[in-house]
Amino acid sequence: MNRKWSYLGLSAMLGLSLLSSCSRGEKADLLVYNANVYTVNAGFDKAQAFAVKDGKILEVGTSDGLREKYKADQEVDAQGKPVYPGLIDGHAHFMGYAINQRDADLVGTTSFAEVVQRLQNHRKAYPQAAWLTGRGWDQNDWKVQQFPTKDTLDALFPDVPVLIERVDGHAQLANQKALDLAGITPQTTMTGGKVEVANGKLTGILIDNAANQVAAKIPSPSKKELTQMLKQAEKNLFKVGITTVVDAGLPKDAVDLLDSLQKKDELRVRIYAMLSPTAENKAHFFKNGPYTTDRLTIRSFKVYGDGALGSRGACLLHPYNDRPNETGFLLETVQAYKDLAAELYKHNFQMNTHAIGDSANRVILQIYGDNLKGKNDRRWRIEHAQVVNPADVPLFGKYSILPSVQPTHATSDMYWASERLGLDRVKHAYAFKALLQQNNILPLGSDFPVEHINPLFGFHSAIARQDADNYPTGGFQMENALSREEALRGTTIWAAYANFEEKQKGSLEPGKVADFVILDQDIMTIKPEAIRGVKVISTYLNGEKVYGQK
């Protein structure tokens, strides 16, 4: 009898203990466990699990510890797969990428004849389109590495305006119909642009601001069309693990559309929008100040200093090695940059300037320094910083200027960069390690659609300095390769820092948004040549799955 009651008493006590344990279990919305978590915190610590509540990281720790502590509505067994903070593309053109979906895809063409064939196919698919447009050609990939002319386009499309954009976005080829609509003649000149003329006739090649004059005539897509384009572009971002994208240079109407779509939950990706320095943008935002929501941040202006190296629009201190009479050009006067820098400093906006050539970098660095004076937390940025004279590199550290670079530019340009710059000056190009050492922060991006949208391609380029075919053996200028930790920080926490968002995102730490990505292989340990083949298993934004393998 006594023994019976003792067993019953023990059972009762165990039951009460279990009930008490359950009642003490803290509530979570999501629990990810059995994972190989790269937190990317200050110590670059790893973990096994993390809990999420209300879209934010609640706690990071061990699988057993967190499963015992939290009762979650949803649990995800990562099955030992690697988990990283949501990837941030530190410099891209999201709106442009979305709109480009209506263009003929000319990426990877190996000749102008192939370009023409793709244009003809595109025209058959969209015979009623008012313009025939395309993007992505690169004459450096062709056997004859020279700019094409408009003659073939004039013959094939005499009544349809044609404008096709080079891969870097800084040179375009137009047919005569498009040139006529824009009022371009052999006598047309402008600051920061070039209309190519041969034997007194237009070739159709337009550089930088000249191309903008023609592009302005292309009808904009309707709001409905653009919305659908943006939604598709967002799907593509989530598929490659991008949860935040920096859109470099937008007019106010584009920003307003993005904001409205996000507020209606029709667009979920986070956007750091750099404003174009238009009169409308300055009037509105100088009066109202920076604008921030959960998914949209506006506190910077994107400025163009010069053009691109591939189209010889980059502004160099000394002539191009393959064109001794050309040095490229700035897109505005030096005084215009000085005036804008003073305005942005006064109104507390970040200035982010595209500078490719060593002359453009020197001019902009000096203008920045005149305003910033010394160490500061303004986080003004040089976008690309591709060719920087060694004498100017210390200015990044002296004035706390952030170089924002795109690793795939190095591996896309390496085949011909020495032709443009010469063997000595090319050593000062794509110097990511030297730039990193100035502030110990180096945000990374892709510049898509100039380069591929997949951030893992940039990761591979950063650490191996090789292309998709793992060329060249041993890597291109490996003294400026990044470590894997640096490359991961560059596309997470450092990119967040460059956006003034490091307290909200960029690492998997308590209090930060639960943006994360699960990959099928660990990019921190696999062989470099396998990185470009890694796939995203799932992408989460605010603890909600926005992409998952089917």
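Student: In this predicted model, which residue of β14 is the bridge partner of Ala-171?

Tutor: The partner of Ala-171 in β14 is Ile-207.

Student: What makes β12 and β14 paired strands?

Tutor: Pairing requires at least two bridges between two strands. Strand β12 (residues 171–174) is joined to strand β14 (residues 201–208) by 3 bridges, so the requirement of at least two is met. These two strands run antiparallel.

Student: Why are β9 and β13 said to stand at the edges of the sheet?

Tutor: The order of this open sheet of 6 strands is β9-β10-β11-β12-β14-β13. Both β9 (104–105) and β13 (193–198) have a single partner strand, so one side of each lacks a neighbour in the sheet.

Student: How do you know that Lys-252 forms a salt bridge with Asp-256?

Tutor: The cut-off is a side-chain nitrogen within 4 Å of a carboxyl oxygen. For Lys-252 and Asp-256, the closest N and O atoms are 2.8 Å apart, so the pair qualifies. Both residues lie in helix α9 (residues 252–263), 4 residues apart, about one turn of the helix.

Student: Why is Lys-252 called buried, and why is Asp-256 called partly exposed?

Tutor: Buried means under 20% relative accessible area, and partly exposed lies between that value and 50%. Lys-252 has 15% relative accessibility and therefore counts as buried. Asp-256 has a relative accessible area of 36%, so this residue is partly exposed.

Student: What makes Glu-509 and Lys-512 a salt bridge?

Tutor: Their closest N and O atoms are 3.5 Å apart, which is within the 4 Å cut-off. Glu-509, at 25% relative accessibility, counts as partly exposed, whereas Lys-512, at 8%, counts as buried.

Methods
Residues are numbered from 1 along each chain as its sequence is written. This is a predicted model: local features need pLDDT of at least 70, side-chain atom pairs count only at pLDDT 80 or more; totals for chains, interfaces and linings use all residues. Side-chain values use heavy atoms; hydrogens and water are left out. Buried means under 20% relative accessible area, exposed over 50%, partly exposed in between (1.4 Å probe, protein chains only).
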